[in-house]
Amino acid sequence: MGDTTPHLMICTCEKTMPLDAQAIGRGCAGQIAQANQLCGLEIDRFKAAIIDGVPVTVACTQEASLFREIAEYLASSSALTFVNIRETAGWSKDAAAAGPKTAALIAAAAEDWSPVAAVMLESNGVALIYGRDEVAIEVGRRLADRLDITVVLTEPADAPPPPSNEFPIVRGRVRNGRGHLGQFELTIDDYAFPAPSSRRRLEFGVPRDGAVSTCDLVLDLSGDPPMFPAHELRPGYLRADPRDRAAVEKVIADAGHLVGSFEKPRFIEFDDSLCAHSRSGITGCTRCLDLCPTGAITTDGNAVAIDPAICAGCGSCAAACPTGAASYALPAADALIRRLRTLVQVYRKAGGVNAVVLFHDADHGAPLIDALARFGDGLPANVLPLRVNEVTQVGTETIAASFAYGAVGVALLTRARARHDSLGLRRVVETSETIVAALGFGDGLVRIIESDDPDQLRSALDAAPVGVASQKPPSFIPRGAKRSLIETVFRELHFAAPMPVDTVALAPLAPFGSVLLNDESCTLCHSCVAACPTSALSDNPDRAMLLFTESICVQCGLCEATCPEDAITLQPQLDFRAWNAPKRVLKEEDPFQCIACGKPFGTKSTIERVVAKLEQTHWMFAGVNARRIDVVKMCENCRVEAVVNESFDPHAAPRPPTVTTDDYLRPEAGKDNPTNKAFK
């Protein structure tokens with residue numbers, strides 16, 4: 001029987017970086033083999049490791065394709081994992097101290113991401129080219145053999161008619177557009193066809209507004225403002241300045257390949273039952289709608305709807321969603337925090353101190369880190385890079401978990417000029433910074449580094465303040481949906497805090513907080529209970545009572561907007577005592593006793609207030625009609641019985657007296673008799 005111990009293969013990459021095998025051994029389990037040229041002279045060591053089919057981790061990503069090819073050739077069943085320790089740790093002026101970080105990177109790579117569902121986009125190559133002159137016509141001519149072309153010109157005054165009509169050329173101006181690759185729909189005004197007799201220039205017929213064009217892709221060469229928000233992220237929408245020849249050539253090249261089936265990740269998982277957007281026509285939470293850069297999120301009744309074909313995966317909605325209705329899938333929040341847990345804990349176990357977690361993406365952050373390693377000083381030994389799909393997907397729960405597990409700082413690497421608004425990320429950083437500072441970790445420990453320069457990145461990391469590491473970091477394993485994950489993380493963060501406090505005041509729109517109740521105004525109508533999407537506000541079926549559970553309040557504002565008495569005010573905060581306490585009674589009253597049967601119903605204050613108001617202001621319940629007020633003091637059953645038995649409608653005006661012949665014949669029936677007046 002062969003060896004079943006997992007194998008870890010590390011390499012100095014031809015002695016260009018030192019490796020601390022002892023530190024790696026303290027943090028990583030399994031049999032460790034060290035080489036100097038694993039991909040060349042020592043390739044047999046890799047072959048020997050995979051021959052028994054045991055899991056193998058190779059600390060090299062540059063030659064991953066070579067190692068996979070060898071494993072396939074040898075029909076090995078070994079599970080292969082590859083991790084980059086060269087650009088992220090070994091190639092650095094601090095490489096001698098990077099042993100604990102190397103161990104952490106290797107261990108974290110073993111944490112798997114969950115598989116992500118895909119969205120299919122279908123394009124048949126129907127293309128609309130939107131331009132203003134012959135540039136658009138020329139682009140259409142060059143693409144006509146690959147795409148089904150229609151050219152729409154906004155300023156065709158000098159456009160010469162083509163010698164043959166290979167594709168339609170029309171006049172028009174796009175009023176609005178919607179859709180994505182394979183399903184665009186454009187509304188066009190001033191729409192007109194050219195006259196076949198056009199001689200020197202295109203002459204057009206009578207225009208009309210409101211024409212609708214459907215197509216698979218749009219080539220925008222108009223020079224006008226983009227048709228869509230965050231247009232560079234809209235699949236199938238290609239845009240270039242018609243005066244920029246290089247940009248036009250790129251559009252031509254890209255458009256020619258947009259025919260067929262295309263797969264994109266379904267970045268966001270959405271559960272509309274958790275959405276706190278609206279109830280009964282009253283708007284509550286709009287965080288995702290306010291942040292989505294592409295317009296993929298729209299209102300859909302009480303919830304919102306996310307179009308996965310338009311969603312570009314920035315993750316701002318998932319980071320901001322207070323209920324967990326929108327959650328990121330690449331990876332899920334709990335999977336990301338599990339990798340973070342391994343990264344920080346193994347770093348400490350291997351002897352590392354003052355860990356700073358650097359969140360970065362693959363498109364911008366990874367190349368910047370690579371350039372810093374190749375041409376600069378490399379990353380500091382205490383900076384642990386953690387790649388995510390988009391930095392804007394990182395939420396408060398992930399940052400809080402970093403400090404709970406023992407990190408002393410968090411940095412989020414973004415572009416110097418972001419592709420879309422980073423308001424959501426700034427809010428996450430502001431909330432997180434407020435919390436960790438209040439709990440004694442230190443000030444300025446959560447930062448956004450906006451840089452396209454590797455050396456500037458290194459300088460920013462070197463200048464970062466060092467916080468206070470937790471002396472009792474928890475080892476909890478994150479599980480479950482986002483909101484329950486948030487509750488777990490913040491309770492553990494409070495436990496791990498150097499100087500814990502009970503309450504932290506937060507800025508508006510923070511997803512945690514309390515409600516302040518005006519006791520005098522509240523009538524215990526429970527409209528707020530019916531509106532609350534998380535059941536943070538609840539009632540007691542046996543008592544006139546309003547209860548509140550702070551740990552599940554998401555500050556959506558529906559209770560505040562719904563309350564008919566304006567008795568509720570939101571208070572953003574993080575109250576750890578309230579999070580660990582049972583339901584809190586906001587208001588409680590004795591019930592009113594039915595005057596007929598004694599059954600409790602309503603509340604004393606409400607019934608007494610209604611009675612007093614009716615007696616003072618309404619003719620139906622005053623004077624001779626005062627007995628009608630008793631109906632208000634009865635429960636629903638006794639009220640119906642009283643109305644039926646006494647044969648009166650409590651909402652009807654008094655009946656006129658019954659008039660007989662004797663009433664008119666009596667001598668004393670004088671001028672003051674109201675019944676006589678009608679016959680005068």
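These notebook entries record what I looked up about one residue and one strand in a predicted model.

**Entry 1: Ser92**

I began by locating Ser92 in the chain. I found Ser92 in a loop, with α4 (86-90) on one side and α5 (99-109) on the other.

I then asked whether Ser92 is buried or exposed. Its relative accessible area is 14%; buried means under 20%, and therefore Ser92 counts as buried.

Next I looked up which residues Ser92 touches when those up to four places away in sequence are not counted. I noted Asp377, Gly378, Leu379 and Arg458.

For Asp377 I also recorded a distance. A polar atom of the Ser92 side chain lies 3.2 Å from the backbone oxygen of Asp377.

**Entry 2: strand β27**

I turned to strand β27, which covers residues 543-548. How many of its six residues are buried? I recorded five, and I noted the strand as mostly covered.

I then examined the pairing of β27 with β26 (residues 537-540). These two strands run antiparallel and are joined by four bridges. A hairpin of two residues leads from β26 to β27. As one bridge pair I wrote down Ser538 with Leu547 of β27.

My last step concerned β29 (residues 584-589). Strand β29 also pairs with β27 in the antiparallel sense, over five bridges. Here I noted that Glu588 in β29 stands opposite Met545.

**Summary of the entries**

I have Ser92 as a buried loop residue that touches Asp377, among others. I have β27 as a strand that pairs with β26 and with β29.

Conventions: Residues numbered from 1 in each chain as written. Predicted model: local features only at pLDDT ≥ 70, side-chain atom pairs only at ≥ 80, totals over all residues. Heavy atoms only, no water. Buried < 20%, exposed > 50% of the residue type's maximum accessible area, 1.4 Å probe, protein only. Polar contact = N/O pair within 3.5 Å; in protein donor to acceptor, adjacent residues only side chain to side chain. Contact = heavy atoms within 4.5 Å. Pairing = 2+ DSSP bridges.
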